[in-house]
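Thank you all for coming; I would like to take a few minutes to walk through one structure with you. Please have a look at the sequence and the fold first, and then I will go through the parts in turn.

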Amino acid sequence: MHKKLTILAMLIVCAALCGCVKREATDSGVIVSYEMWVGFAGVLGGIAATAFGWYLKSHSVRGWIFLIMAFLGTVTFSPFGFVDHVTVTHDRLQARWGFWCFPSTYDIAFADVSSVSLSKKITSGRRGRKNVSYNLDFSKRDGSVVSMTATNSLMEVAAEDIVAELDSHNISFNDMTGE
């Protein structure tokens with residue numbers, strides 16, 4: 001049993017060290033997405049939790065609750081590892097993330113953008129904890145503003161590519177964070 005736990009711990013450490021996000025340069029641009037192991041780990045973890053819930057259901061009502069929650073969690077949260085992505089091409093920025101059935105999608109043509117601002121929002125969480133989130137606000141030539149979060153691992157990896165494309169289109173970038 002001790003050997004199995006040691007092997008499992010080593011696998012977790014290796015997975016953490018290899019990273020969760022991959023950046024893939026193509027002829028048309030850059031695609032940033034989660035590594036395949038992230039989605040598979042979510043599915044396998046969910047299957048294991050569901051199987052454990054199946055075992056517990058015969059012992060108490062809590063087992064049934066655990067079984068149902070594990071199954072719903074697997075179906076709800078596992079697909080993100082396969083479908084979330086940010087694509088930066090010379091013409092546009094496309095992004096998709098969130099729940100697989102209700103994703104947040106963005107398709108922003110750089111030709112329609114007049115300026116971009118990076119803003120920071122600080123909110124108080126539970127027990128006084130500060131939550132910091134960053135947003136990219138794309139001001140379009142028609143006067144509308146598209147705001148997208150910049151506080152996720154996909155956007156953090158794609159940030160340099162986005163700024164490079166903004167520069168190549170002579171779009172002004174304003175850092176309003178004060179950092």
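I will begin with the overall layout, move on to two helices, and then turn to the strands and the core.

Please keep in mind throughout that this is a predicted model, and that what I report was computed from it. The protein has five helices and nine strands, and, read from the N terminus, its elements follow the order α-β-β-α-α-α-β-β-β-β-β-β-α-β. Of its 179 residues, 28% count as buried. If we take the contacts between residues at least 6 apart in sequence, 45% of them join residues at least 24 apart.

Let me start with helix α2, which covers residues 36-56 and therefore has 21 residues. From its first C-alpha to its last, α2 reaches 30 Å, close to the 30 Å expected at 1.5 Å a residue. Which residues of α2 are buried? They are V38, G39, G46, T50 and G53, and because they cover an arc of only 105° around the axis, they lie on the same side of α2. On the other side of this helix, L44 and Y55 are exposed. The buried residues of α2 pack against β2, α3 and α4, where α3 is residues 61-77 and α4 is residues 80-83.

Helix α3 can be read in the same manner. Its 17 residues should span 24 Å at 1.5 Å a residue, and the end C-alpha atoms are indeed 24 Å apart, so the two values agree. Buried in α3 are G63, L67, A70 and T74, which cover an arc of only 70° around the axis and are therefore on the same side of the helix. As a general reminder, an α-helix has 3.6 residues a turn, so residues three or four places apart point the same way. The face of α3 turned away from its buried side carries the exposed residues V61, R62 and M69, while what covers the buried residues of α3 includes α2.

Now to the strands, beginning with β3, β4 and β5. Strands β3 and β4 run antiparallel and are joined by four bridges, with R96 in β4 as the bridge partner of H85, and the hairpin between these two strands passes through two residues. Strand β4 also pairs with β5 in the antiparallel sense, here over seven bridges; S104 in β5 is the bridge partner of W97, and the hairpin that joins β4 to β5 runs through four residues.

Further along the chain, four strands form an open sheet in the order β8-β7-β6-β9, with mixed pairing. Why is one side of β8 and of β9 left without a neighbour in the sheet? The reason is that β8 (145-149) and β9 (172-175) stand at the edges, each with a single partner strand. Neighbouring strands of this sheet are turned by 20° against each other on average, direction ignored. Within the sheet, β6 and β7, the latter being residues 130-140, pair in the antiparallel sense over 11 bridges, and V116 stands opposite F138 in β7.

One residue of β6 that I would like to single out is S117, which sits in the strand formed by residues 113-124. Is S117 buried or exposed? With a relative accessible area of 15%, S117 is buried, because the cut-off for that label is under 20%. Leaving aside neighbours within four places in sequence, S117 is in contact with N135, L136, D137, N174 and M176.

Finally, the core. The largest nonpolar core has 25 residues, and those with the most contacts inside it are V86, L93, L136, F138 and M148. At least two residues of this core come from each of β2, β3, β4, β5, β6, β7 and α5, and the largest share, five residues, is supplied by α5. As for V86, if we do not count residues up to four places away in sequence, this residue touches V30, I31, V32, L93, Q94, A95, W97, L154, M155 and A158.

That is where I will stop, and I am glad to go back to any of these parts in the discussion.

Key. Residues numbered from 1 in each chain as written. Predicted model: local features only at pLDDT ≥ 70, side-chain atom pairs only at ≥ 80, totals over all residues. Heavy atoms only, no water. Buried < 20%, exposed > 50% of the residue type's maximum accessible area, 1.4 Å probe, protein only. Contact = heavy atoms within 4.5 Å. Pairing = 2+ DSSP bridges. Axes fitted to C-alpha atoms, helices over the stretch in contact; angles between N-to-C directions. Core = buried A, V, L, I, M, F, W, Y, C linked by side-chain atoms within 4.5 Å. Expected span 1.5 Å × (residues − 1). Arc of directions from axis to C-beta.
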